[in-house]
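Let's take a walk around a protein model and look at a few spots one by one. Have the structure open as you read.

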Amino acid sequence: MNTICKNRSVTQFIFILAAFKTLLYRYSGQKDICIGTVVANRNRKEIESAVGFFMNTLALRTQIEGDSCFTEVLERVKKTTYDAFTYQELPFDKMVEELKPPREDGVNPFFQVMFILQNTQKVDLELPGVTMQPLDIESGMAPFDLRLQLTETQEGLRGGFDYNLSIFDSSTIRRLAKHLIKTIECIVENQEQNITQLSIFTQEDIKNIHKLKIAVASTFTAEPVEDYISWWCKQFGIKNEVVFAPYNQVFQQLLDETSLISLNDGVNILLIRFEDWLRNNMSEDAEQIKKLEENYTYLLSTLKSKAKSIPYFVGIFPVGQYSNISPKVSEYIQEMNKRWKLALEDMENVYVMDCENLDKQFAIDTVFDTLKDTEAHMPFSDTYFGALGTFTARKICAWKKQNFKVIVLDCDNTLWKGVCGEEGAQGVIISEPFMRLQEIMLDCYREGMLLALCSKNNEADVWEVFDSNNGMLLKKEHFVSWRINWQSKADNIREIAQELNLGVDSFIFIDDSPVECSEVMTKLPEVLTLNLPENAEQIPSYLQHVWAFDRIKVTAEDAQRTQMYIAEKERKQIQDSAHSLDGFIQSLELKMSMNLIENSQYMRAAQLTHRTNQFNLSTIRRTEEELRLLTSLPGCKCHVIEVSDRFGDYGLVGVVITKENGDKLLIDTFLLSCRVLGRRIEDAILVGLKKLCNNTGARILEAEFRPTEKNMPFKKFLEKSGWKSIKEKNGITIYQLDINEIPEQENLVECYFDSKFESMVKSKVVTEVKHEPVSIKQENENTLVSNDWKVLKVNMEMLFHKAYLLPLENASGKLLAALPVHRPYMGKKTVETTNQQYKAPGNKTEKILVQIWQEILGIEKIGVNDDFFKLGGHSLTAVSIISRIRDKFRKYIPLQWIIENRTIAQLGKLIGDFEEADNSDDIQENIPRASDEKKNFLFPFHNSLCGFMTN
């Protein structure tokens, strides 16, 4: 680095600043990058020895183009820096005052990233009779979103990052520090290389940096779901960007190949209400039905023919009632919804979001809001929109994350009501809540989850319930393992994990006892522990909000998983009785096939890249789409490994991705499920790779091993099978193996290369599961289930899956509305630079209005003279404001009032004194319209024509 600085006549400060800007460009793609720094500002001789604070802030702005090499970036940064230092005496505050940039509350003007390089050593200040020493002061506040501070020392440059905790987490900053070092290393190796070609990121890094784009196209105004989708995804570690297509442009988005939906590489959300096609349509029933059918047929054919390389989640909604739509047409739309749902379930990469029962699931008493529907075509209440955004995020999380493999169940007061040891097999009761729990567990079993029992009981008493109680839906054969004894449940779960050879972080534990749950939470924080509600009637509703059960896709291997593990038990018994490992393997009569991946196998292969940790060369995680793209590249091949033995099929258990490179065959991915480790399958794969090399002319196998906490078994395999380490850099080791070192065949495994053995798995290769929350059967369908259970939270700092407790804590529309999804740290609030002093509300009306604005705008402190639009309000939030005013004051006010009276003080005078509202449905249509002396705003609703705003 110092050599480059000398040759280019730049300082270390300029070099590192240019490297830092290059990295930020690679992170963001942003061409205009401005970073701040500070200067001592003592460039005049007369102030050199003066005591005082003369420091000033400089904004260093650089335009970066992607086709530039680093030396070009360096020259631009050099010129910018020298120019800025020439005018360093210009006070930063004066520049802000003169230029008047747009301001955001809590955000520094011009830049949000600071870089400081200290090149002066600390010196001790000695005064007669006084002893001094420097103190580092921690304010606990980050003055900027990101600040890099480095200091020159005798050992080299040292320093670190300060960062805003509401924007970044520690793992992100650690990656940033690693990438900055890597950027400098790449530049030192080749400073003339195009900056976009610098090998800064691994493929895993790229996935961590990339935001999932969630594109929404809707027949109505759906923007209120944005904050909920974004917030929930963030809680589950999914970086995301929610983008909306233009209003009511579903057909255009599907047909136009350059549209947002067509070009998206993330997730597409389609929110379609058929009644929206009849908005303002006053024709007869027959004409309306004809229009519905024409549009439906066109929509169905358009979506079917659409290439869907990414998932499409399609919402189905309860039918709204409008004055221009007769009961006959409403019933017709309900039947269309049923047809639509069935049609969607037959489409590849399309998943239904059935929202018709969200009101019951989230205990929401009001689904529709006619006022907001009329003003802005926002048909749903705030609480329903919150539930819709939450439900959408749940689907996305289920698609992105499948963390869990095993559900461990308690017995007494979990699978049944009562204690079997005291009341006997016929004395315990499988009432409706416990029957629903067993039904849900059966669904999980069919979708590939393993079930296990962990109960403090006499084992004979438990199995007697399973054998003789006619109410039991679950049977002994549904369970892959059990520990029924009087030992610690944490110890028992650990034993089950060891028996199944699975990590405890893939376990869910369900128990009614808070004592038992607390013990597991404390001793095994990696397990997701769920303490059932004390009120058994709430169990079905509680389980509806467990996101960990969700499965979007299920492969044939998933559906056969329990049988596979039971067969593995039998193999273990044979192994224990065998005299040698080779004898055991030979007795299994193993068969292995290694074939190019087929279209139907991409989903399972992608699943393995995410689930396989131990025997995994690179631990690169890939989606189905990424695998398809990779295998389309020249010279790149993906082989899948299938294994069977005399006890049954293991299914697709391995993935090998290779790339031809002259006399070398580069191995990108080499992974095997732990189910087949130690059975010579990995050695048989080497034989297959040797045959592949012979076909391509390669003589050397080369692989990059990326070590993790869990994949050391793969390193041992490399060392055992004769691979040679030839290079190590940044923790990555490159290994090579001459194919002459590989035997011609594996004697203990019957191998099928480019052919298949007869499979014992007869089920469909891929089954797509449309997992929807179940409706709770109630005698009175209008009675909402109370979701006020207490969620047990013990050892929270150490819990591995704490995010999965959040949906259980916020299982009602009321609780969702109180979530901090609109808070300023979400980056939504914009305020004007002003000297306006805060003024508190002076009467009850103003206090209620302040509360409404706080809830909708997500701002904690609002004065009665603050401007609604300067606080970040806009037309859609204004509609929500007038809806809340209706509910609180029993007065309808027109949208124009918010536009013309932008402060609470002004609005409060027009509304008048506060009166407690009665929000029952029977008086909603009789709420008076508000008016003033100058205007009388007619406000149509419910029985009037439906109008809507457009921008």
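Which exposed residues does the face of α11 turned away from its buried side carry?

## Helix α11: two faces

Keep in mind that this is a predicted model. The exposed residues on that face of α11 are P327, K328, E331, K338 and L342.

Now flip to the other face. Buried in α11 are V329, S330, I333, M336, N337, W340, A343 and L344. These residues sit on the same side of α11, because the arc they cover around the axis is only 135°. So what covers them? The cover includes helix α10 (285-305) along with β9 (312-316) and β10 (350-354).

You can also check the length of α11. The helix runs over residues 327-345, and its 19 residues should span 27 Å at 1.5 Å a residue. The C-alpha atoms at its ends are 28 Å apart, so the two values agree.

## A nonpolar patch on the surface

Next, head for L125, L127, V130 and M132, which together make a nonpolar surface patch of about 350 Å². One of them, V130, belongs to the loop between β3 (113-118) and β4 (146-153).

Why does V130 count as partly exposed? Its relative accessibility is 39%, and "partly exposed" means anything between the 20% and 50% cut-offs.

## F889 in helix α31

Last stop: F889, a residue of helix α31 (875-889). Is F889 buried or exposed? Its relative accessibility is 3%, so it counts as buried.

Try finding T845 as well: F889 and T845 are 44 residues apart in sequence, while their C-alpha atoms are 8.8 Å apart in space.

Key: Residues are numbered from 1 along each chain as its sequence is written. This is a predicted model: local features need pLDDT of at least 70, side-chain atom pairs count only at pLDDT 80 or more; totals for chains, interfaces and linings use all residues. Side-chain values use heavy atoms; hydrogens and water are left out. Patches are made of residues with over 30% relative accessible area and no salt bridge: like charges are joined within 9 Å, nonpolar side chains (Val, Leu, Ile, Met, Phe, Trp, Tyr) within 5 Å. Accessible areas come from the Shrake-Rupley method with a 1.4 Å probe; for residues, only the protein chains shown count as cover. A salt bridge is a side-chain nitrogen of Lys or Arg within 4 Å of a carboxyl oxygen of Asp or Glu. Helices (H or I, at least four residues) and strands (E, at least two) are DSSP runs, numbered from the N terminus. Buried means under 20% relative accessible area, exposed over 50%, partly exposed in between (1.4 Å probe, protein chains only). The expected span of a helix is 1.5 Å times one less than its number of residues. The arc is that of the directions from the helix axis to the C-beta atoms. Contact means heavy atoms within 4.5 Å.
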